[in-house]
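Let's take a look at one protein together. Keep the sequence and the 3D view open while you read.

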Amino acid sequence: MRYAFRHHNLASAAAVCLAALSLVASTSLAAQGVRADTLDVLITGGRVYDGSGSAPREGAVGIRADRIVFVGAVPANVVARQRIDARGHIVTPGFIDPHTHAYEGLPRLNEERRRNLSSLMQGITTVVLGADGRGPLEVKQVLDSAQRLGLGTNTYALTGFGTVRSRVMGNSSAPATPEQIAAMRALITKAMQEGAYGVGSGLFYVPQTYANTEEVLAVVSAAKPFGGVYDTHQRDESSYSIGLFASTREAIRIGCESGLITNIGHIKTLGVDMWGKADSVLAIMREARARGCTVVADQYPWTASGTGLSAALMPRWAQAGGRDSLRLRAADSAQRERMLADMRENLRRRGGDSTLLLIDGNKDATPYIGKTLKQVAADAGRPAVETALDLVLRGIDMGVASFNMTEADIETFMRDPNVMTSSDGSDGHPRLFATYPRKIRRYVLEKPVISMERMVQSASGQVAATYGLTDRGVLRAGAFADVLVFNPQDVREEATYTEPRKLAAGMRWVFVNGVAAVADGAATNALAGKTLRK
């Protein structure tokens, strides 16, 4: 990725702003009787990966308040309140997670969730809010409330196509009328005016899946005057409906014709029908770039995806209108048989009943957690799809880890320079707690598939550049002091599919806006995160 300003006037303006910030800071320090060369934190002796993808270099990082003052040689006469000896460690920008559910539900989350240790202990200092089209409509209200309550990590918002469609049309499977499209466009416009960085969608999910391409394009294009990113859990990552290739082209068309960057969230080839076709997906993306579209993707390094039992197996036609409508259809023998036939085919796509691990749910789901659908069906003495349908109809629609990807495809996507790192973190799946350490250990140190500088870039500077997160994701003078210090050999995932909530290990220091959220390997419980606005 390139990080230089595209136009000279922007570069000049940036230089003027940085000079003004420096003058203000120096004047303020002098007024307090503090030397202008005083630092809050001085990190020395580490190998510095600056987030650009360039080779590491030996150097120091100086932090004052919430900004980085310098990277490189230590200036003469510098005084530091705290010195960190980083010999044997690397120093990187804080990681930015562009597709996660860690903050889904803000600002109603309790303090433990807002502290976001699952992210911090992986080195993640900034997370998206609004993956899969579930982003807020009242962006300003949500971010203002969250900032007052306090956040452990920074966050930035995408407004949600799913949210606006549900507000205007409920769970309807009908096509949107011109009036409804106008109402949805108005909600998108308002959210963008309030600081959203783009629009998210989850066209795989009900009710978003009921919108055809033209409807989605008509609504999402309301963001065009503002710019930003169209981030999507695309309509089909397998062979469920239109197929992976057509779905990828649809996603690119929506983003490109809306004037937005297209980000294909958690890119994958899901299920036996698609295995070995990662190269073909990347080729579609390259063709789009050749036409002038800006297309990127993000990815998590796990062979199991995470979703709901109904999302994995239930046909979308059966879910139209909500759960009461589903029950009525299931009570009709002809519709029930059609439903079960579709579910059997969906189960085949995912590799069979032994590949679905039940991982999360309400209290009624407790007896099933940690078992495969095959085991639950055997206990019930019924076929797998009938067991799954019975659970859904009883309101026990739990989360599943679906083992449906191959290592070869994961590695193919990972090597592509336009694929970023994300977690798609969600309850019950270890990726919420362990994605970034897993990628460092397994795919950088052990295999290896990519270099450390590429890993850092894909998790920091590249994400910031894609989303326009100003002064984030890089180590340079003037950038925000989201900084990591760690020994890669100490970094490891602790969470597993059976114990998914174990915190990762190995991050020695994690600074969020210059405040230590992790100090000498231990969480400080600081709430130093900021809500970011476009």
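Here is a short tour of a disulfide and of some paired strands.

First, some ground rules: this is a predicted model, where local features need pLDDT of at least 70, side-chain atom pairs count only at pLDDT 80 or more, and totals for chains, interfaces and linings use all residues. Residues are numbered from 1 along each chain as its sequence is written, and side-chain values use heavy atoms, with hydrogens and water left out.

**The disulfide**

How many disulfides does the structure hold? Just one, counting a pair of cysteine sulfur atoms within 2.5 Å as a disulfide. C256 and C293 are the partners, with an S to S distance of 2.2 Å. The torsion about their S-S bond is about -85°, so this disulfide is left-handed. C256 sits in helix α8 (residues 244–257), while C293 is in the loop between α9 (278–290) and β13 (295–299), so the pair ties together parts 37 residues apart in sequence. Helices (H or I, at least four residues) and strands (E, at least two) are DSSP runs, numbered from the N terminus.

Now for accessibility: buried means under 20% relative accessible area, exposed over 50%, and partly exposed in between (1.4 Å probe, protein chains only).

| Cysteine | Relative accessible area | Class |
|---|---|---|
| C256 | 29% | partly exposed |
| C293 | 9% | buried |

**The strands**

Two strands pair if DSSP finds at least two bridges between them. Strand β5 (residues 90–93) runs parallel to β1 (residues 38–48), joined by two bridges, and I90 in β5 stands opposite R47. With β18 (residues 483–486), β5 pairs in the antiparallel sense over four bridges. There, T92 has L484 of β18 as its bridge partner.
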